[in-house]
Amino acid sequence: MSQQFDVVVIGGGPGGYVAAIRAAQLGFSTACVDAFVGKRGKPALGGTCLNVGCIPSKALLQSSENFHAAQHDFARHGITVEGVKIDVPAMIERKDGIVDKLTGGIGFLLKKNKVASLHGVASLKAREGERWVVEVAVDGNVVDTVHATHVILATGSRPRPLPGVAVDNVTVLDNEGALNLAAVPARLGVIGAGVIGLEMGSVWKRLGAEVTILEAMPTFLSAADQQIAKEALRTFTRDQGLDIQLGVKIGEIKNLGDKVTVAYELNGEQKLGEFDKLIVSIGRVPNTDGLGAANVGLQVDERGFVVVDDHCHTNLPNMWAIGDVVRGPMLAHKASEEGVAVAERIAGQKPHVDFGAIPWVIYTSPEIAWVGKTEEQLKAEGVEYKKGTSGFAANGRALGMDHAQGTVKLLACAKTDRVLGVHMIGPMVSELVTEGVLALEFKAASEDLARIVHAHPSLSEVVHEAALAADKRALHG
Ligand code: FAD
């Protein structure tokens, strides 16, 4: 079938579906093409994020946290629970139900906004006059040919493979396999102590696995503020029993079917890890293979990312790219904001995504979150700064929640007092970090945060105290 649209979006993840909805809201006839086939064997919108990323991982993190709390924490509340057991298939079924609900909801939203939803693999074919030609194929057969004035590429990313190790999602797992284990492995190996490795390692550790995380970098969470990263490492290793090895050189990995062995070097010593399951989480690579970049002369860099300018415009007229397939953090909210901005730019508006104010969150327990510059970055840039820190240990709300652990650190310009970064480890800091985002976006001073009334008792009082501490007038520090 041949169809004409103002805008065709390739990819139905948080970048693509949001771009499509916004384009349709702005009056453009819009199609969104997505190739993803969900766990139930049917097309499923929402991309990595909803199907095999953000949403299912958070569902499992919550289940495992509840299990852990019932086993270890309830007694302190005076609650007796006996015979606490984990039914892994039931936990996975709950997670799948959440995924189904949300992915189905995207279909509804596209329909409501009159976005044509096409299923299949899209590839760029040619430019005919003022329009791009995009073919959509299912099982290699072309089912649709779409002609559109604008193309938005939102094809996302996939797990980076480890050379010489095939992921079978039975013994050697990527994120999809790690989210679908049928039972708790006795010994779980994880290669890569990034966000995904830490979150997946935490899930299975809380459920009873012995977890070893092997990381090539000598520094733990090198993108995070190192004060927070060090606190996190201490908590995960000393308090939670995760075995995290840094500066590891991975050698031969052997998948023996019922187990996997990993040879590695640590501090000059040769070691051999033996695991029942191994998660490979060493980062993600952009999805540009098979997109037909060469057919139309689309510029792709040596790592496979579509090259774009600050406004997500590619080297080609009316062709845009957003989300994981372009530079910048691989985060769902970054993809969505770029999607909105591109749709508005197509409509002649002047939107702007502030890359300096994108929040980062790691949903371990305690959570880690930050926005803006780290102390290491400020030092490297020679910026004079002041800092205020405050802890959750004496926060009434955190104590009531039984999660009185963690720190908030606020960094502000020594001369102007403008907030430059907010870094946190503690309960629900995924929510608290938004206060830092607002501060950065509104160019707030630390004094602004210090003078804003924060509810009592609330976790946000720790942010308030950190702001007061930046001016050396903490009340509870
Ligand atoms: P994607 O979500 O990857 O969507 C791209 C879509 O395009 C896919 O459906 C794909 O099938 C489709 N596609 C690709 N090529 C074609 C083609 N040629 N034709 C048609 N369709 C195509 N981010 C967060 O912000 N918070 C989190 O908590 C978080 N947790 C994560 C946990 C895990 C385990 C993983 C793996 C990722 C997590 N992420 C998280 C990252 C987040 O999922 C991505 O940043 C986000 O999904 C990127 O959105 P996107 O729209 O660019 O691409």
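Ala, Val, Leu, Ile, Met, Phe, Trp, Tyr, Cys and Pro count here as nonpolar, Asp, Glu, Lys and Arg as charged, and the others, Gly among them, as polar. In this predicted model, the shell around the ligand divides on that basis into 17 nonpolar, 17 polar and two charged residues.

**Ligand shell**

The ligand is surrounded by 36 residues, and the closest are Gly 11, Gly 13, Gly 47, Gly 156 and Gly 323. Several secondary-structure elements supply at least two residues each to the shell: strands S2 (30-34) and S4 (121-128), together with helices H2 (47-52), H3 (54-72) and H9 (332-346).

**Annotated sites**

The UniProt annotation, from an unreviewed entry, places a feature "domain: FAD/NAD(P)-binding" at residues 5-339. The C-alpha atoms at the two ends of residues 5-339 are 17 Å apart, and the span is 30% helix and 28% strand.

UniProt (unreviewed entry) also gives the feature "binding site" for Lys 58, Thr 155, Gly 156, Ser 157, Asp 324, Met 330, Leu 331, Ala 332 and His 333. These positions run over 276 residues of sequence and are spread in space as well, with up to 22.5 Å between C-alpha atoms. One of them, Thr 155, sits in the loop between S6 and strand S7 (157-159).

Another "binding site" annotation in the unreviewed UniProt entry covers Gly 192, Ala 193, Gly 194, Val 195, Ile 196, Gly 197, Leu 198, Glu 199, Glu 215 and Gly 283. Those residues span 92 residues in sequence, yet no two of their C-alpha atoms are more than 14.2 Å apart, so they gather at one spot. Ala 193 belongs to the loop between strand S9 (187-191) and H6.

**Packing of H3 and H6**

H3 packs with helix H6 (residues 195-206) at an angle of about 30°, the axes being 8 Å apart. Their crossing is left-handed. On the H3 side the contact involves Ser 57, Leu 60, Leu 61, Ser 64, Glu 65, Phe 67 and His 68, which meet Glu 199, Ser 202, Val 203 and Arg 206 of H6. By class, this contact of H3 with H6 has four nonpolar, four polar and three charged residues. Glu 199 of H6 takes part in this contact and is also listed in the UniProt "binding site" annotation (unreviewed entry) that includes Ala 193.

**Domains**

The domain assignment divides the protein into domain 1 (2-158 + 285-347), domain 2 (162-282) and domain 3 (359-470). The centres of domain 1 and domain 3, taken over C-alpha atoms, are separated by 31 Å. Six residues from domain 1 and four residues from domain 3 form the contact between them. The side of domain 1 that touches domain 3 has two nonpolar, no polar and four charged residues.

**Backbone geometry**

Which peptide bonds are cis, with what omega? The table lists the bonds that precede Pro 366 and Pro 457.

| Cis peptide bond | Omega | Location of the proline |
|---|---|---|
| Ser 365 to Pro 366 | near 0° | loop between strand S18 (360-362) and strand S19 (367-372) |
| His 456 to Pro 457 | about -10° | loop between helix H13 (446-451) and helix H14 (460-470) |

Asp 139 is not a glycine, but has a positive phi of about 50°. Asp 139 lies in the loop between strand S5 (131-138) and strand S6 (141-153).

Methods: Residues are numbered from 1 along each chain as its sequence is written. This is a predicted model: local features need pLDDT of at least 70, side-chain atom pairs count only at pLDDT 80 or more; totals for chains, interfaces and linings use all residues. A residue is near a molecule or strand if its C-beta atom, placed from the backbone, lies within 6 Å of it. Helices (H or I, at least four residues) and strands (E, at least two) are DSSP runs, numbered from the N terminus. Axes are lines fitted to C-alpha atoms, for helices over the stretch in contact, and angles run from 0 to 180 degrees between N-to-C directions. A crossing is left-handed if the near helix is turned anticlockwise from the far one by less than a right angle, and right-handed if clockwise. Two residues are in contact if their C-beta atoms, placed from the backbone, lie within 7 Å. Domain bounds come from an automatic or database domain assignment. UniProt positions are given in the numbering used here, feature names are shortened, and annotations may be inferred rather than shown by experiment.
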